[in-house]
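Look inside this protein with the model open beside you. Where is empty space enclosed, and which residues sit around it?

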Amino acid sequence: MSDSTNSVSPSSDYASISSGDQSLQRSRRSGDGNRVIVRESRHWHDVFWSAIFVIHLICLGFVLAVLGLNRFRISDRLNIDRYTHGFLENHKGLTEDYWPLYAVAGGIGVFISWVWSLLLGSYANEMMKVSVHILTTYLAVVSVLCFWCRQFFWGGAFAIGALLQFLYVVSVIDRLPFTMLVLRKALKLVWGLPKVIIVAHAFTVFMLLWMSLWSFGASGVVASSMGDEGRWWLLVVFSVSLFWTGAVLCNTVHVIVSGMVFHVLFQCGQEESSSLPPSTLNESLRYAVTTSFGSICYGSLFTAAIRTLRWEIRGLRSKICGNECLLCCVDFLFHLVETLVRFFNKYAYVQIAVYGKGFNRSARDAWELFQSTGVEALVAYDCSGAVLLMGTIFGGLITGSCIGIWAWIKYSDRVIMVGSTAMLMGMVLVGLGMVVVESAVTSIYICFAEDPLLIQRWDADFFNEMSEMLHRRLQHRSARAREVLTTA
């Protein structure tokens, strides 16, 4: 890694990275400074977690089918209500009463995902600004509507979300110009790879197929005669499962796209993306759903939550100055989360895609690479992941609001139950569109840390701006360290 400033060999030296055999290629320097490829066999990693994920899908699919069929056309078709005798209510509905609402939610989510992707490609700056600023306003509006409908818990939850979003945007407002630059370059890479877009659409279709079963079971739960507490517990379990399933599919796309983008950057730019061998996509896809699938399932359980928590703590920490006690508490949380990030971070998926490592080793190696090269200062300054997450949440809120209004008109006592689960469906579907851009961002940073000349050959102006920003961030950290030592 320390030799990353040396010259790289022509792209043909790396063209074999997607060869047909199950192999792993590591690029190293020979004695004369040229890059050579060392082949190692790929191994299966984290198989336990892939087995857990598949078993969970089979078991949950059976439960969803049973709960949906129990209320499909005939009330209590499978005579399940006798097991919920202590939680019975007077209300009894049918699965088909609520299933169309979820079907429309899936359609809205896909529509928003595709439109958002198209607008990002054509009006990148404007759409990124919309993602950052409109989410706060929309959360506040939804909060007011919830209070108006006497849903005080959800009104308070959305109000807190609006406040946290506002505070976060204020804390990172000076970082947005650089973030917009990185996202524009990532979009440039993605739109030069039409096969990547096709893969994302294919996984969206697969997600819709699973959601058709998931919503069938969820509709059966909403229509059941169980009390609200029992229905909510079941929907929470189903929602956690849907979140994990969506995260696994998103991160599978992440690994596939990262492998493709790494090839493009190694082949000296987007203008040569059409010269990629046809097997490149096939191999990236095959590795993602076989040897590396367990690592993807494992990482998908934790990375999203830890990453979101890290963003919030970083934003809060940058604005606390005078309150020593509060700063001490936040610093404790910050260092705890930073330790977790060392083992659970999204940059691991690039290492998984290119080198076929296990998840924890990939995450650790990626973070050590960033810290050893100083690029971690640049990664911490960048907010591209947060901006894309804002767009994902906004898409989910739009979906949930549309379905919530429909549910309020037809079944006013099921508004929150149906609206919140529809919002989750929208977030998952929009996230599948956003992950393509995010994987390009992570690949750019990994390539910049491994060999800055890869970025320089691809886009010299972008390389200069990244290098200048990295220099400024390292200077800023050095100044803060001197200030701490002086005051101590």
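The largest cavity holds about 140 Å³ of space. This is a predicted model, and a search of the whole structure finds three cavities of 30 Å³ or more. Rolling a probe the size of a water molecule over the atoms shows where empty space is left.

In the largest cavity, 15 residues form the lining. Closest to the centre are Ser117, Val190, Ile197, Gly433 and Val436. Four helices each give two or more residues to this lining: α2 (95–122), α5 (176–191), α6 (194–223) and α16 (415–450). What classes of residue make up the lining? Ten are nonpolar, written as 10 in the count, and five are polar. No charged residues appear there.

Now turn to helix α2, where Thr95 has its place. Is Thr95 buried or exposed? Thr95 is buried, because its relative accessibility is 0%, and buried means under 20%. Its contacts, leaving out residues up to four places away in sequence, include Leu67, Gly68, Arg71 and Phe72. Phe216, Ser219, Gly220 and Ala223 also touch Thr95.

Next come two cysteines, set beside Thr95 in the table.

| Residue | Relative accessibility | Class |
|---|---|---|
| Thr95 | 0% | buried |
| Cys250 | 12% | buried |
| Cys383 | 3% | buried |

Cys250 counts as buried because 12% is under 20%. Cys383, at 3%, is buried by that cut-off too. A disulfide is a covalent bond between the sulfur atoms of two cysteines. How many disulfides does a search of the whole structure find? The search finds zero.

Conventions
Residues are numbered from 1 along each chain as its sequence is written. This is a predicted model: local features need pLDDT of at least 70, side-chain atom pairs count only at pLDDT 80 or more; totals for chains, interfaces and linings use all residues. Side-chain values use heavy atoms; hydrogens and water are left out. On a 1 Å grid over the protein atoms alone, a cavity is a set of points where a 1.4 Å probe fits but cannot get out, and a pocket is an open set with protein on both sides within 12 Å along at least five of seven lines; lining residues have an atom within 4 Å of a point. Grid points are joined across faces, edges and corners, and a volume is the space filled by probe spheres set on the points. Ala, Val, Leu, Ile, Met, Phe, Trp, Tyr, Cys and Pro count as nonpolar, Asp, Glu, Lys and Arg as charged, and the others, Gly among them, as polar. Buried means under 20% relative accessible area, exposed over 50%, partly exposed in between (1.4 Å probe, protein chains only). Contact means heavy atoms within 4.5 Å. A disulfide is a pair of cysteine sulfur atoms within 2.5 Å.
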